[in-house]
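Me: I'm new to this one and would like to look around it with you. Could we take it a piece at a time?

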Amino acid sequence: GTHADDFLDVAPDSWRPTGPPIVRLRFQEPTDLFHYNRVEGAYTGVAGEVKLRDASPGLVGRGSIGWAWAEQTVRGRVSLERQKGSWWPYVRAGRSLDVTNDFREPFDSGSTLGALFSVDDYDYVDRRSAMVGLTRYLNRRRDVRIRLEGGIGSDGYVAAQRERGPFTPGDSGFRFNRGVDDGRYGIASVKLELHPDVNAAFVRPGIGAVLQAEAATGDLAWRRAELRLIARRMLGPFIYAAQANAGVVVGDSIPPQQLFEIGENQNLPGYGYKEFAGNQAAVIRGLVMYPLPLWRAPIRLGRFVLPSVGPTLSFGAQGGWSAATTDAARSAILRLGTVGDSVLGRPEA
């Protein structure tokens with residue numbers, strides 16, 4: 001029945017909304033400082049934050065900039081947001097290497113460890129954007145919110161620059177980066193979230209949902225909607241969890257980067273990497289866990305305390321479906337790249 005904001009009066013000064021302005025080096029994600037993938041190679045950057053606090057209550061500015069060493073490219077972003085009351089307006093702009101994988105978990109920001117040592121199970125698009133938006137919190141706990149956003153953007157294809165990770169013996173099998181359509185567009189979107197703490201990879205028991213719809217027009221045009229439902233509950237010694245994702249995209253000419261691609265990395269073990277694609281897709285999975293009554297106590301090593309081993313028996317089931325229902329969808333699937341693909345070259349249909 002509490003929220004983190006209820007304890008700001010005893011929080012460290014840097015967390016509080018009041019006081020003199022704060023300027024500090026601070027990253028929103030570890031990948032702002034370093035990450036590795038087959039397109040950029042190693043990426044190193046720096047990030048910072050400005051909180052005006054008493055000088056302008058709620059106003060927060062953030063920025064990051066970095067260099068992709070293999071691609072020889074600068075990327076970064078800046079944003080300004082007023083975090084006060086129940087209406088939070090913001091503006092943001094930047095250039096990023098966005099991941100095109102679908103049905104990702106909330107904190108999935110791409111590959112680093114996997115690409116360094118084995119495989120890079122993501123595909124990428126070079127994206128520039130400038131957006132204005134408004135987040136509206138619909139209750140005091142801030143666990144029901146709606147976000148409206150609009151702006152301009154452009155997408156561009158980028159080829160893989162690396163054949164394998166630096167710590168991978170032999171050929172790691174890095175794939176070509178899948179095809180995208182190049183072009184500019186204007187875009188508007190709406191996003192409704194229920195209980196984000198539950199959505200964040202089963203962090204909290206309960207029911208959560210995310211519904212997002214967007215429409216774009218210009219050189220690239222599409223209309224896309226996506227739904228995510230997630231639930232977790234504890235009954236006696238058992239933990240039950242379920243998740244469902246579904247989406248649809250339509251348009252006279254659908255960009256390949258807006259298709260839904262599903263396979264092993266979208267919770268379908270036993271299938272290949274993005275084995276299925278279409279303008280409609282759904283994935284559902286369920287999980288039952290039984291924590292064994294063994295080794296539940298924390299492990300003490302002198303002054304240090306490690307989490308308990310806590311072995312658990314689990315049973316899971318998954319299922320997926322996709323369909324290409326229009327000529328535009330089938331044409332977009334061909335432009336993803338099928339034959340004549342080289343590791344470092346642009347895919348050819």
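Me: In which loop is the place of Gln72?

Reply: Keep in mind that this is a predicted model. Gln72 isn't a glycine, yet its phi is positive, at about 55°. As for its place, look in the loop between E4 and strand E5 (73-82).

Me: Is Arg53 buried or exposed?

Reply: Arg53 also has a positive phi, near 50°, in a residue other than glycine. You'll find Arg53 in the loop between strand E3 (41-51) and strand E4 (59-68). Its relative accessible area is 3%, and buried means under 20%, so Arg53 counts as buried.

Me: What about Trp295, buried or exposed?

Reply: Trp295 is in the loop between strand E15 (280-291) and E16. The relative accessible area of Trp295 is 61%, and the cut-off for exposed is over 50%. Therefore Trp295 is exposed.

Me: Which elements give two or more residues to the nonpolar patch?

Reply: That patch covers about 730 Å² of surface and is made by Leu294, Trp295, Ile299, Leu301, Phe304, Leu306 and Val309. The elements giving two or more residues to the patch are strand E16 (299-301) and strand E17 (304-306).

Me: How many bridges join E8 to strand E9?

Reply: Start on the other side of E8: strand E7 (residues 124-137) and strand E8 (residues 144-156) run antiparallel, joined by 12 bridges. In that pairing Gly133 stands opposite Glu149 in E8. E8 also runs antiparallel to strand E9 (residues 183-194), where Arg145 has Glu193 as its bridge partner. The number of bridges joining E8 to E9 is 12.

Me: Which residue takes a positive phi in the hairpin of E7 and E8?

Reply: This hairpin has six residues between the strands. The phi in question is near 60°, and it belongs to Arg142.

Me: Which element gives the most to the largest nonpolar core?

Reply: The largest nonpolar core has 20 residues, and those with the most contacts inside it include Phe103, Tyr185 and Trp222. At least two residues each come from E9, strand E13 (260-262), E15 and helix H3 (327-335). The one giving the most, with three residues, is H3.

Me: Which alanines does Ile254 touch, not counting residues up to four places away in sequence?

Reply: Ile254 is among the residues with the most contacts inside the largest nonpolar core. Leaving out residues up to four places away in sequence, Ile254 touches Asp181, Val249, Leu259, Asn279, Thr326 and Arg335, among others. The alanines it touches are Ala328, Ala329 and Ala332.

Methods
Residues are numbered from 1 along each chain as its sequence is written. This is a predicted model: local features need pLDDT of at least 70, side-chain atom pairs count only at pLDDT 80 or more; totals for chains, interfaces and linings use all residues. Side-chain values use heavy atoms; hydrogens and water are left out. Two strands pair if DSSP finds at least two bridges between them. Helices (H or I, at least four residues) and strands (E, at least two) are DSSP runs, numbered from the N terminus. Patches are made of residues with over 30% relative accessible area and no salt bridge: like charges are joined within 9 Å, nonpolar side chains (Val, Leu, Ile, Met, Phe, Trp, Tyr) within 5 Å. Accessible areas come from the Shrake-Rupley method with a 1.4 Å probe; for residues, only the protein chains shown count as cover. A salt bridge is a side-chain nitrogen of Lys or Arg within 4 Å of a carboxyl oxygen of Asp or Glu. Buried means under 20% relative accessible area, exposed over 50%, partly exposed in between (1.4 Å probe, protein chains only). A nonpolar core is a set of buried Ala, Val, Leu, Ile, Met, Phe, Trp, Tyr and Cys residues joined through side-chain atoms within 4.5 Å. Contact means heavy atoms within 4.5 Å.
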